[in-house]
Amino acid sequence: MLTVSHSNGEGRKRTLSGCSSDSVSGPPPSPRRVSWRQKIFLRVASPMGKTSMHHSDHSDARELLPLSPRSPHSSVDPLSGGAGRPKRTAADYRTLWKTAIRQQILLVRMEKENQRLEASRDELHIRKMKLSYQEVGPDSHEVQALWEKKLTAPGRTTVRQDQEDLYRALCQGVPKSRRGEVWMLLCHQQRLCRRHPPRQPAADTPYRDLLKQLTAQQHAILVDLGRTFPNLDYFSAQLGAGQLSLYNLLKAYSLLDTEVGYCQGVSFVAGVLLLHMSEEQAFDMLKFLMYDLGIRRQYKPDMVSLQIQMYQLSRLLHDYHRDLYNHLEEYEICPSLYAAPWFLTLFASQFPLGFVSRIFDFLFAQGSEVIFKVALCLLSNHQGEIVECDSFESIVDYLKTTLPSLTQAQMEQTIAKVTEMDISKQLHAYEVEYHVLQDEVAEGGATPDDSERLDKLEKTNGQLKKQNMELLEKLQAARQKIQSLETNVENFLSRESKMKHAIRTLEQERSAHQKTIERMRSCLPPDVADVEMTHIKSTSPAPDAKAKAGAKKP
């Protein structure tokens with residue numbers, strides 16, 4: 001491809017000088033075969049090449065005049081004609097002028113085409129830079145074909161789709177090249193399924209209008225640009241394309257949401273969005289996360305929502321991972337020491353980007369509940385290693401540095417567990433519980449006697465739970481024993497039925513034999529029958545005889 005424009009203007013100079021008289025004295029082209037692009041280049045860059053190759057005294061009257069000043073050593077005026085050239089007419093000059101204009105137009109078109117190709121190359125390079133992270137989960141052709149079908153379905157932004165089908169597709173995976181489109185599809189589907197509008201809807205100010213305004217948060221945003229994803233090439237260049245896009249997005253949102261303004265964690269959320277879509281699309285998705293899903297509450301100056309989230313996480317650990325909860329309480333490690341960055345940046349500040357992108361997949365489908373499920377899975381998966389830490393410093397260091405360094409298998413295992421969890425009821429109950437406790441504290445707080453009574457009640461409750469578990473175990477054992485006995489009874493009944501059947505069969509055979517004997521006896525002559533009966537009587541004494549013999553004995 002012909003390069004005609006560079007940052008230092010060298011390409012432009014080369015293009016314009018290609019039509020100068022210096023090209024006349026250039027070396028003849030090599031006899032090798034040239035492509036159609038090279039032919040166009042030779043026609044545009046060296047229009048006087050024919051004269052230099054042929055050295056004919058009768059040049060074509062329509063050849064193009066040089067655009068650059070002729071060289072100082074040339075003594076022949078190309079417009080006046082030489083000694084052997086006929087004098088040019090006005091029609092010849094008009095023809096030359098039209099030819100020059102046409103070639104200049106062709107040159108401009110080529111420059112524009114080269115600029116467009118350069119911009120396309122830059123866009124592809126930037127996109128490759130954005131999506132350079134390692135994907136979590138399968139990225140097979142089946143997954144790509146599945147999402148291609150859903151993303152090209154007619155009415156996908158106006159007609160509700162089957163939410164369970166969408167969730168199953170999310171569990172199978174999302175191709176990172178289409179992840180931004182998938183997030184926008186999930187956003188549209190969430191808005192279609194929503195029964196009530198958000199409590200505080202976002203303003204409809206266009207993104208471009210917000211960029212024209214000034215924000216009081218400018219200094220804070222500029223300071224945090226270098227701290228947001230410093231290891232990613234797209235955001236690492238100082239005031240490069242990534243940082244400028246991030247600044248525009250954060251500035252626009254700070255002007256849109258004056259109550260929140262700018263909070264340091266928002267920059268990571270905005271950065272993840274920018275890696276998968278354009279600025280305006282990312283702005284729309286950021287508004288959806290903040291207003292429709294209610295994440296903006298945790299960025300408010302009072303931080304009440306974040307406190308509620310920390311309480312909910314503590315209660316989840318207390319109810320489902322008591323040993324880990326007791327170990328953290330022993331060293332006075334509250335969730336705000338390690339989990340606050342997870343919630344404020346949606347895990348983007350510490351964890352691998354591929355893992356964070358998968359969290360965003362489910363975040364757009366299920367809301368902020370996903371953050372709790374991921375946090376709970378991470379802590380439960382590393383419970384053994386955390387319990388082995390025997391100091392405050394070692395536990396905090398493990399939670400902040402070692403735990404986020406997940407392997408590919410650990411990330412896939414965590415996402416698989418997240419898809420199987422459902423803690424929405426627990427989170428709602430814990431939030432209500434937090435507000436009740438807050439009201440009690442506001443009314444005057446608990447007295448020492450009340451605290452002791454609560455401790456006793458908690459101990460009693462624990463003992464009752466333990467007894468309940470023991471009784472459940474005994475009940476389960478008794479049920480198993482009953483089941484075994486019922487199986488034995490069924491076996492005995494089956495054997496009894498078989499034996500009765502065998503007895504009936506034997507009785508039928510005996511009756512048949514007796515009938516056969518009687519029939520055979522009836523067929524014998526009387527003498528033979530008497531002899532047989534006499535023989536039978538002599539060989540087997542009668543019962544009466546046996547009884548008499550026994551009676552004679554003293």
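**Entry 1. Packing of α5 and α6**

I take contact to mean heavy atoms within 4.5 Å of each other. The model I am reading is predicted. With that cut-off I looked up what lies against helix α5, which spans residues 141-151. I found V143, W147, K150 and L151 buried in this helix. Viewed down the axis of α5, these buried residues fall within an arc of 95°, so they line one face of the helix. On the face turned away from the buried side I noted the exposed residues H141, E142 and K149. The buried residues of α5 pack against α6 (163-172) and α7 (179-193).

I then turned to α6, where L166, A169 and L170 are buried. They occupy an arc of 100° seen down the axis of α6, so here too the buried residues line one face of the helix. Their cover includes α5, α7 and α17 (353-366).

I checked both ends of α6. D162 caps the N-terminal end, with a side-chain oxygen 3.3 Å from the backbone nitrogen of E164. Just after the helix, G173 adopts a positive phi of about 130°.

**Entry 2. Salt bridges**

I searched the whole structure and recorded 18 salt bridges. Within α6, D165 pairs with R168, the closest N and O atoms lying 3.6 Å apart. The two residues are 3 apart in the helix, which means a separation of about one helical turn. I list D165 as partly exposed at 29% relative accessibility, and R168 as partly exposed at 45%.

I next examined D361 and R179, whose closest N and O atoms are 2.9 Å apart in a salt bridge. This pair links distant parts of the chain, since D361 is in helix α17 and R179 in helix α7, 182 residues apart. Both D361 and R179 are buried.

A further salt bridge joins the side chains of E259 and K300 at 3.7 Å, N to O. E259 is in the loop between α11 and α12, while K300 is in the loop between α13 (279-292) and α14 (304-320), 41 residues away in sequence. E259 is partly exposed, with a relative accessible area of 38%; K300, at 19%, counts as buried, because the limit for that class is under 20%. I also noted that salt bridges with shared partners join E135, R179, R358 and D361 into one network.

**Entry 3. E369**

I looked up E369, which is found in helix α18 (residues 369-381). What does a buried E369 have in place of a salt bridge? The nearest side chain of opposite charge, K373, is 4.0 Å away, and no salt bridge is present. The side chain of E369 does reach the backbone nitrogen of I423, at 3.3 Å. Leaving aside residues up to four places away in sequence, E369 touches D422, I423, S424 and L427.

**Entry 4. Y262**

I located Y262 in the loop between α11 (241-256) and α12 (266-274). Is Y262 buried or exposed? Its relative accessible area is 12%, and Y262 is therefore buried. Its side chain meets that of D224 in a polar contact of 2.7 Å. D224 is one of the residues that Y262 touches beyond four places in sequence, together with Q217, A220, I221, L250, S254 and S267. From Y262 to K251 I read 8.1 Å, C-alpha to C-alpha, at a sequence separation of 11 residues.

**Entry 5. Whole chain**

I closed with the totals. The protein chain holds 25 helices and 0 strands, and 34% of its 554 residues count as buried. Among contacts between residues at least 6 apart in sequence, 78% join residues at least 24 apart.

Key: Residues numbered from 1 in each chain as written. Predicted model: local features only at pLDDT ≥ 70, side-chain atom pairs only at ≥ 80, totals over all residues. Heavy atoms only, no water. Helix = DSSP H or I, 4+ residues; strand = E, 2+ residues; numbered from the N terminus. Buried < 20%, exposed > 50% of the residue type's maximum accessible area, 1.4 Å probe, protein only. Lys, Arg positive; Asp, Glu negative; His and termini not counted. Polar contact = N/O pair within 3.5 Å; in protein donor to acceptor, adjacent residues only side chain to side chain. Arc of directions from axis to C-beta.
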